[in-house]
Amino acid sequence: MTELSQNLYAVQAQIAQAAAQAGRVPDSVRLIAVTKTHPEEAVLDAIAAGQRLFGENRVQEAITKYMPLRETCPDLELHLIGPLQTNKAGEAVALFDVIQTLDRPKLAEALAREMKKQNRTPRLYIEVNTGNEPQKAGVAPYEVEDFLLECEGKYGLKITGLMCVPPFNEDPAPHFKLMSGLAHKLHLPHLSMGMSSDYETAIACGATEVRVGTAIFGSREIQPR
Ligand SMILES: *Cc1c(COP(=O)(O)O)cnc(C)c1O
C-alpha cells in the first residue's frame, strides 16, 4: 500500500468515526481530496486508491491537471474551492462540476451567462466570510440570504450549498455552527467546511463535505494564493 493510500484510508476512517460520534451515518460526509500544488501523479495515485472527488483552487492549474483525466476517468467529480475571477468564469463552467466560491453579483452574472452559453449546470455554493475578514473572499454572514435571493431571482441561478474557511488561528467551531445555522435556515443541502486541521470539528457541526489536502498528500512546498 502506498503512503498516499494509507493517508487516504486513515482520513476516511477518521471521517467515519467523527460522523458516528455526531450520530450521523458515514455516507453523510463526502471527502474532497484537495490536490492544489500537487502533480498529476498524486491525483492518479488517489484515483488508484478509489478517490473520485477532488478540489482545486486555481482554474488554470485545474485545467492542466484534470482535462486529460476527464476522458480516462469519466466519473471524476471536480470542485473549485478557490477564488474565481470573472474573466475565468467560462473556463470554470467548462471544467468544474461544483463551483464553491460564488461571492459577488458580477460573478453570478458571468456564471449565469456562461452556463447558458455552454448549456452546462455546475452546482453552485456561496462562499461565506464567517470571520468578516477584510482580506478574505466571501459574503458576510448577514448578507448571505439577500445574495442568495439575488442569485436566484436576478440571475436565475440555483444555489445548493455554502462553503467557508474560518479565520486562521481561531477556534473554528463557532464559525462552523454559524454556517450550519445558515444552511438550515436557507434550506441548502450542501455544507462544505473543514480542512486537514479541523475536519472532525466541522463534521460534528454538520459539514456534508470536508476539503482535505495536507493530511492526504503531505505538505505543500509552494503556497498558493
Ligand atoms: C488548500 C485548501 C484546503 C485544504 O487544506 P489542507 O489544510 O491542506 O487540508 C481546503 N480548502 C481550501 C479553500 C483550500 O484552499
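The exercises below, each with a worked solution, concern a predicted model of a protein with a ligand.

**Exercise 1.** List the residues around the ligand and sort the shell by class.

Solution. A residue enters the list if one of its heavy atoms lies within 4 Å of the ligand. The residues found are Val34, Lys36, Asn57, Ile81, Val165, Met195, Ser196, Arg211, Val212, Gly213, Thr214 and Arg220. Sorted by class, five residues of the shell are nonpolar, four are polar and three are charged.

**Exercise 2.** Find polar atoms of Ser196, Gly213 and Thr214 that lie within 3.5 Å of a ligand oxygen, then state how far the protein covers the ligand.

Solution. Start with Ser196: a polar atom of its side chain is 2.5 Å from a ligand oxygen. For Thr214, a side-chain N or O atom also lies 2.5 Å from an oxygen of the ligand. Gly213 takes part through a polar backbone atom, at 2.8 Å from a ligand oxygen. As for cover, the ligand on its own has 380 Å² of accessible area, and the protein covers 89% of this. The ligand occupies the largest pocket.

**Exercise 3.** Count the aromatic pairs and classify the geometry of Phe54 and Tyr66.

Solution. The count gives one aromatic pair. The ring centres of Phe54 and Tyr66 are 5.8 Å apart and the planes meet at 50°, so the pair is tilted. Phe54 belongs to strand E2 (residues 53-56) and Tyr66 to helix H3 (residues 59-72); the two residues are twelve apart, and the pair links distant parts of the chain.

**Exercise 4.** Locate Asp171 and describe its side-chain contact with Ala173.

Solution. Asp171 is in the loop between strand E6 (159-164) and helix H7 (173-185). Its side chain reaches the backbone nitrogen of Ala173 at 3.0 Å. From Asp171 to Gly181, ten residues apart in sequence, the C-alpha to C-alpha separation is 17 Å.

Definitions and conventions
Residues numbered from 1 in each chain as written. Predicted model: local features only at pLDDT ≥ 70, side-chain atom pairs only at ≥ 80, totals over all residues. Heavy atoms only, no water. Polar contact = N/O pair within 3.5 Å; in protein donor to acceptor, adjacent residues only side chain to side chain. Areas by Shrake-Rupley, 256 points an atom, 1.4 Å probe, with all protein chains shown as cover. 1 Å grid on protein atoms, 1.4 Å probe; cavity = no way out; pocket = protein on both sides within 12 Å on 5 of 7 lines; lining within 4 Å. Sits in = over half its atoms within 2 Å of the grid points. Nonpolar A, V, L, I, M, F, W, Y, C, P; charged D, E, K, R; others polar. Phe/Tyr/Trp six-rings, centres within 6.5 Å; stacked < 30°, edge-to-face > 60°. Helix = DSSP H or I, 4+ residues; strand = E, 2+ residues; numbered from the N terminus.
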